[in-house]
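Here's a quick walk through a two-domain protein and what sits in it. Have the viewer open while you read.

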Amino acid sequence: MPLITSSKTQPSYDVIVVGSGAAGGQTAYTCAMNGAKVLMLEAGRNYDPVAETPMFQTNAQAPLGGTSTPDKPFGFHDATIDGGWQVPGEPYTSASDDPARKFWWWRARMLGGRTNHWGRISLRNGQYDFKPKSRDGLGFDWPIDYKDVAPYYDKVEMLVGVYGTAEGLENTPDSPPGVLQPAPAMRAGEQYARARGKKLGLPVVSIHRAVLSMKQDAVGIPPKLHPNNPKAQRILAESMRARQACFWATPCGRGCSIKANYQSTTVHLPPALATGNLDIVPNAMAREVTTDASGKATGVIYIDKTTGQENTVKGKVIVLAASSAESVRIMLNSKSARFPNGIANSSGKVGKYIMDTVGASLQGHIPALENLPLHNEDGAGGGHTYVPWWLYKEQLAGKLGFARGYHVEFESGRRMPNLGTGAGLEALTNGSYGRQFKEDARRYYGSMIGFAGRGDMIPNDDSFCDLDPTVKDKWGIPVLRFHWKWSEHETRQAKHMQDTFASLIEAMGGTVRAKPQADGAKAIEPGGKIIHEVGGTIMGADPKTSVTNQWCQTWDVKNLFVTDGGPFCSNADKNPTLTIMALAWRASDYLLDEMKKGNL
Ligand SMILES: Cc1cc2nc3c(=O)[nH]c(=O)nc-3n(C[C@H](O)[C@H](O)[C@H](O)COP(=O)(O)OP(=O)(O)OC[C@H]3O[C@@H](n4cnc5c(N)ncnc54)[C@H](O)[C@@H]3O)c2cc1C
Ligand code: SF4
């Protein structure tokens with residue numbers, strides 16, 4: 001079973017998975033490795049990072065020196081194709097004209113989705129993150145605990161390859177010994193921040209990132225991930241041997257031809273395809289889930305984008321993994337006499353409680369980092385360190401004025417320059433030119449440091465999406481309309497981020513490059529801008545107030561699952577994708593078991 005066209009699909013499948021990113025990749029992997037016949041529908045085109053990544057191109061070879069443009073906000077060579085903040089012919093709308101109430105929606109339209117170019121920061125939610133309401137009375141508790149997900153975090157980390165360290169910090173779970181790969185050394189600026197941040201009480205530690213710092217253990221890991229399944233073990237071992245360790249030199253956001261970083265296209269899909277149990281139809285834009293008279297899901301209707309034809313495929317189990325908001329859209333568009341408000345929406349909660357991550361940033365100039373001896377700091381794409389949230393006790397005691405925490409990510413080092421590298425240097429060079437400017441550029445290169453806060457958002461009634469009553473996309477499918485509002489918990493958190501960053505820059509003997517924003521509502525990034533959208537089909541313990549149960553299975557339609565970020569009922573400061581994959585694996589194990597028992 002391979003990549004196929006619509007005309008080659010089988011009459012029926014055990015499982016149909018919509019979407020091929022982190023969620024779809026993990027779901028298809030687990031199901032196919034365990035013998036289920038799987039069809040994956042992917043709205044974007046086929047994409048092979050091994051053949052297509054421009055990872056070895058220099059910025060100088062790109063138009064405008066590779067700098068950001070509205071079409072390519074992450075630079076000309078970024079791995080995103082046919083996706084972004086806007087997708088031609090596929091609009092979305094906003095219920096408000098107020099910029100503060102708009103939601104920015106980043107969509108991928110390619111095999112592997114956003115995993116081809118994501119930042120690969122892979123942090124576990126901690127035990128508080130699954131029970132936030134029990135701690136501070138806000139939002140919702142998850143119907144599961146950290147201990148329910150921990151074994152799946154272990155499995156995903158071993159499968160995709162995540163580096164990091166165990167630090168024993170509060171609500172920042174350590175992986176068991178042997179699960180994580182060794183972390184790379186901290187860059188100079190990061191080491192300096194660690195030393196100077198101590199007096200502020202900031203724990204600067206190695207970040208966890210889905211990049212191989214060494215070859216995977218192709219002998220030891222497969223039996224741990226697939227006990228009693230020799231075929232899966234053999235296939236996974238082969239797939240692991242085909243991946244190389246990172247050589248720390250090229251920008252990960254362009255994808256990785258040596259498969260050293262995690263992309264669904266290099267890690268999940270090749271072994272899943274090698275089982276012979278997975279068919280993938282690219283350019284297949286799912287529109288709705290079909291049901292029978294009893295209300296069971298029977299299949300998916302999709303538009304074949306290459307022909308414009310509408311097709312129907314049949315499956316025993318349907319898994320939506322199209323990214324959380326897109327899965328909401330498919331569900332709201334799946335209307336029938338039995339489900340007049342969209343499939344599995346008896347609670348009226350489909351589309352409710354969408355969340356993003358709180359984001360704010362500040363840059364500083366650190367004289368101690370000027371004129372560093374020449375050295376290579378390319379490393380992995382992104383910072384090698386971060387600061388996990390450190391004020392749990394103060395927050396619980398009500399001393400901070402906002403309810404949830406954030407972690408701090410770093411941007412520093414003497415990395416491959418691009419056109420933007422010297423931007424703003426004139427503030428330091430006093431307009432020097434010629435030889436003096438060259439000397440200044442060498443002096444200041446690498447002396448800038450940037451901090452970005454990534455914080456917990458509490459779900460609220462004003463942040464949701466529904467179908468726009470009039471607007472349709474070029475395939476005639478109704479589009480999403482977003483409603484958005486940050487609460488004061490988030491805006492105050494953004495203000496706290498600004499103060500923290502300014503204090504840290506000062507502790508490093510530096511100066512801020514722009515005045516820290518005193519108004520949190522101005523400091524906070526717009527909703528969606530951090531591209532950590534989750535929620536919309538939240539899980540819970542009560543069918544009246546949630547869309548899925550703890551297994552990502554919809555309450556109303558037992559053979560319909562949602563394995564992307566939709567079932568998140570809170571959005572911890574931890575970047576969501578590792579949790580998406582862990583929950584997708586857990587849901588897939590459950591659905592395979594239920595299918596075996598004849599319950600689906
Ligand atoms: C620049 C960037 C940096 C990021 N950095 C991080 C990070 O460091 N750490 C982190 O945890 N997260 C990060 N993220 C977020 C991360 O990429 C997402 O959380 C993750 O990819 C979500 O997985 P998913 O499978 O739900 O969605 P996606 O990866 O977006 O995959 C969804 C797939 O479904 C397809 N699809 C959509 N609609 C349909 C349809 N109707 N029919 C068929 N197919 C459809 C899409 O084409 C896409 O391929 C980042 C994202 C971006 C863009
Ligand atoms: S830095 Fe490493 S993981 Fe990233 S693209 Fe380069 S080789 Fe691959």
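Just one salt bridge turns up across the interface of domain 1 and domain 2 in this predicted model. D136 forms a salt bridge with R404, and their closest N and O atoms are 2.6 Å apart. Polar contacts add to the picture: 12 residue pairs, both partners at pLDDT 80 or more, are in polar contact across the interface of the two domains.

Which helices feed the domain 1 side? Both α3 (127–130) and α4 (132–136) supply at least two residues each to the side of domain 1 that touches domain 2. The largest share of that side, four residues, belongs to α4. Sorted by class, the side of domain 1 that touches domain 2 holds eight nonpolar, nine polar and nine charged residues.

Now for the domains themselves. The domain assignment puts 1–50, 73–82, 94–144, 229–357, 460–485 and 532–600 in domain 1, while domain 2 takes 165–206, 358–455 and 487–523. In the contact, domain 1 puts in 26 residues and domain 2 puts in 27. Taken over C-alpha atoms, the centres of domain 1 and domain 2 are 32 Å apart.

How much area do domain 1 and domain 2 bury between them? The figure is about 2000 Å², with 52% of it on carbon and sulfur atoms. On the domain 1 side, R124, W248 and D573 supply 30% of the area buried against domain 2, more than any other three residues.

Next, the ligands. Ligand 1 has 36 residues around it, and E42, R114, G119, E326 and T577 come nearest. A few pairings with oxygen atoms of ligand 1 are worth pulling up:

| Residue | Atom on the residue | Distance to an oxygen atom of ligand 1 |
|---|---|---|
| A22 | backbone N or O | 3.1 Å |
| A23 | backbone N or O | 2.9 Å |
| R114 | side-chain N or O | 2.7 Å |

So R114 shows up twice here: R114 is among the residues that come nearest to ligand 1, and an N or O atom in the side chain of R114 is 2.7 Å from a ligand oxygen.Which residues surround ligand 2? The shell is made up of V211, C246, F247, A249, T250, C252, G255, C256, I258, A260, N261 and G379. By class, the shell around ligand 2 has eight nonpolar and four polar residues, with no charged residues.

Notes: Residues numbered from 1 in each chain as written. Chains lettered and ligands numbered in written order. Predicted model: local features only at pLDDT ≥ 70, side-chain atom pairs only at ≥ 80, totals over all residues. Heavy atoms only, no water. Domains from an automatic or database assignment. Contact = heavy atoms within 4.5 Å. Buried area = accessible area lost by both parts, 1.4 Å probe. Salt bridge = Lys/Arg side-chain N within 4 Å of Asp/Glu carboxyl O. Polar contact = N/O pair within 3.5 Å; in protein donor to acceptor, adjacent residues only side chain to side chain. Nonpolar A, V, L, I, M, F, W, Y, C, P; charged D, E, K, R; others polar. Near = heavy atom within 4 Å.
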